[in-house]
Amino acid sequence: MIELKGRKLVLGVTGGVAAYKAAELVRLLGKAGADVHVVLTEGGARFVTAVTFQALSGNRVWTDLWDPRMDNNMAHIDLTRDADAILIAPASADVMAKLTHGLADDLLTTLCLARDCPLLVAPAMNRQMWEHPATQRNVAQLRADGVTLFGPAAGEQACGEVGLGRMLEPEELCEAVIGFFQPRLLAGRRVVMTAGPTFEAIDPVRGITNSSSGKMAYGLARACAQAGAEVVLVSGPVALPVPAGAHRVSVRSALEMHEAVFAALPGADVFIGVAAVADYRPATSAEHKIKKSGAELSITLTPNPDILADVAGLPNPPFCVGFAAESRNLDEYAEGKRKAKKLPLIVGNLVQDGLGGDDNLVVLYDAAGRHPLPKATKPDLARAIVAHLAGLLPQV
Ligand code: PMT
């Protein structure tokens, strides 16, 4: 995924132990396609050298307001002239205080004052420094000035104390930057989704399940959260990290999923059924492990409730999006399901294209007809699906 392709980022690294994590952040931002230019403060350079950042970013590292390498000697202006954002990570209490008051006594703070691009700040400091009224006043002022803060997180600190003040992990910061550039198509909306397979127990050891990996659903949860939605992800058993901004409710069986969906539904604007829910479950689940006897064994199956149909059948349903996984006749079966379940939108895919893998080939079906999307990665398709569904949502 090259989600930051074409983006120029100026990364300010200030003095703090978390500066070592900025090296990994540069690598991740670069991997996501960003052109990263590092500005190292004097304090930052005490923790990590310019050589490291130069090697990882592939660009010169800037430390000095009077750097003669800039042709016109205007590094303080030129570096951010065509930047998409300045990100300061880690941002010390000191730099935040300077930004609040418009001080410009080094290259980084001067760049921040002279910029016309967004400023993103990832604080990192001891918990008492973070909690200090002066820092909290600065945080409030920075927010009022339109600065975006990422974190801090709570946890164990380099000083041995525990509390708020840790810098977000590089992966979280990279996700936050990617999210920052996404259009807020679902701002203020609440989205409830199902994800992954269900597991229908036969006995305490065995069960009926399927090979849904959850990748399509988790990609959609991420895209919805990055589009500004509050996301509840009712998920069957998959081992995927929960996307930032989504809240996961873990379930196993279709019955548990049904219950969790209805518990999460009040206030939902959108319901998306991505889970590969088992249509049937064993009529009874043995209390103890079934012993091998050598004789034939039959398992009676009983139908599970259809979660999507039950949600769409509510008197005032949220905007319902279904998925249809077929092995043939995609147009006919997917459109048939959309009409049978009275859905405004269904996403059709062939299991041979979409089940388990990283890519998918999908067709969207709505009242206006069929809209095929080019084959792409699941996160990329997720963004396209979000854009399509946002266009169909009633205005609030
Ligand atoms: O998880 P991945 O490996 O990334 O794979 C993605 C996927 C192939 C699972 C996904 O793209 C997909 O197609 N999900 C829907 C799978 C499915 O169960 O389709 P279906 O045609 O059987 O069901 C139609 C719709 O009804 C789906 O929205 C399903 O979630 C819903 N349903 C089905 C049965 C049931 N008892 N309750 C439901 O809510």
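**Reading a predicted model, feature by feature**

Analyst: Start at Pro-152, which is placed in the loop between E5 and E6. Keep in mind that this is a predicted model.

User: What kind of peptide bond joins Gly-151 and Pro-152?

Analyst: The general idea comes first. Most residues other than glycine have a negative phi, and most peptide bonds are trans. Here, the bond between Gly-151 and Pro-152 is cis, with omega at about 10 degrees. Ala-89 and Pro-90 are also joined by a cis peptide bond, where omega is about 0 degrees. Pro-90 has its place in strand E3.

User: What is the phi of Asn-329?

Analyst: Asn-329 has a phi near 45 degrees, which is positive although the residue is not glycine. To find Asn-329, look in the loop between E16 and helix H13 (330–340).

User: Into which domains is the protein divided?

Analyst: Domain 1 covers 8–180 and domain 2 covers 190–392. Taken over C-alpha atoms, the centres of domain 1 and domain 2 are 40 Å apart.

User: How do I read a sheet? In what order do the strands of the 5-stranded open sheet come?

Analyst: Strands of a sheet pair through backbone hydrogen bonds, either parallel or antiparallel. The 5 strands of this open sheet run in the order E2-E1-E3-E4-E5, and their pairing is parallel. E2 (35–40) and E5 (148–149) are the edge strands; each has a single partner strand, so one side of each lacks a neighbour in the sheet. Helix H5 (residues 93–101) packs on the sheet and touches strand E3 (85–91), strand E4 (119–123) and E5. The direction of H5 makes about 140 degrees with that of E3. For one pair in detail, take strand E1 (residues 8–13), which pairs with E2 in the parallel sense over 6 bridges. Leu-11 stands opposite Val-38 in E2.

User: How many residues lie between E6 and E7 in their hairpin?

Analyst: There are 5 residues between E6 and E7. In that turn, Gly-160 has a positive phi of about 95 degrees. Strand E6 (residues 153–156) pairs with strand E7 (residues 162–166) in the antiparallel sense over 4 bridges, and Ala-153 is opposite Arg-166 in E7.

User: What is the pairing in the open sheet of 8 strands?

Analyst: The pairing is mixed, and the order is E12-E11-E8-E13-E16-E17-E19-E20. Strand E12 (246–250) and strand E20 (369–372) are at the edges with a single partner strand each, so each has one side without a neighbour in the sheet. On average, neighbouring strands of this sheet are turned by 20 degrees against each other, with direction ignored. At the E20 edge, strand E19 (residues 362–366) and E20 pair in the antiparallel sense over 4 bridges. Tyr-365 has Arg-370, in E20, as its bridge partner.

User: Now the empty space. What is the volume of the largest pocket?

Analyst: Rolling a probe the size of a water molecule over the atoms shows where empty space is left. The largest pocket has a volume of about 820 Å³. Its lining has 37 residues, and those closest to its centre are Val-274, Ala-275, Ala-276, Val-277 and Phe-323.

User: Which element gives the largest share of the lining of the largest pocket?

Analyst: E16 does, with 4 residues. Elements that each supply at least two residues of this lining include helix H10 (215–226), strand E13 (270–273), helix H12 (307–312) and strand E17 (345–350). Sorted by class, the lining of the largest pocket has 18 nonpolar, 13 polar and 6 charged residues.

Terms used
Residues are numbered from 1 along each chain as its sequence is written. This is a predicted model: local features need pLDDT of at least 70, side-chain atom pairs count only at pLDDT 80 or more; totals for chains, interfaces and linings use all residues. Side-chain values use heavy atoms; hydrogens and water are left out. Two strands pair if DSSP finds at least two bridges between them. Axes are lines fitted to C-alpha atoms, for helices over the stretch in contact, and angles run from 0 to 180 degrees between N-to-C directions. On a 1 Å grid over the protein atoms alone, a cavity is a set of points where a 1.4 Å probe fits but cannot get out, and a pocket is an open set with protein on both sides within 12 Å along at least five of seven lines; lining residues have an atom within 4 Å of a point. Grid points are joined across faces, edges and corners, and a volume is the space filled by probe spheres set on the points. Ala, Val, Leu, Ile, Met, Phe, Trp, Tyr, Cys and Pro count as nonpolar, Asp, Glu, Lys and Arg as charged, and the others, Gly among them, as polar. Domain bounds come from an automatic or database domain assignment. Contact means heavy atoms within 4.5 Å.
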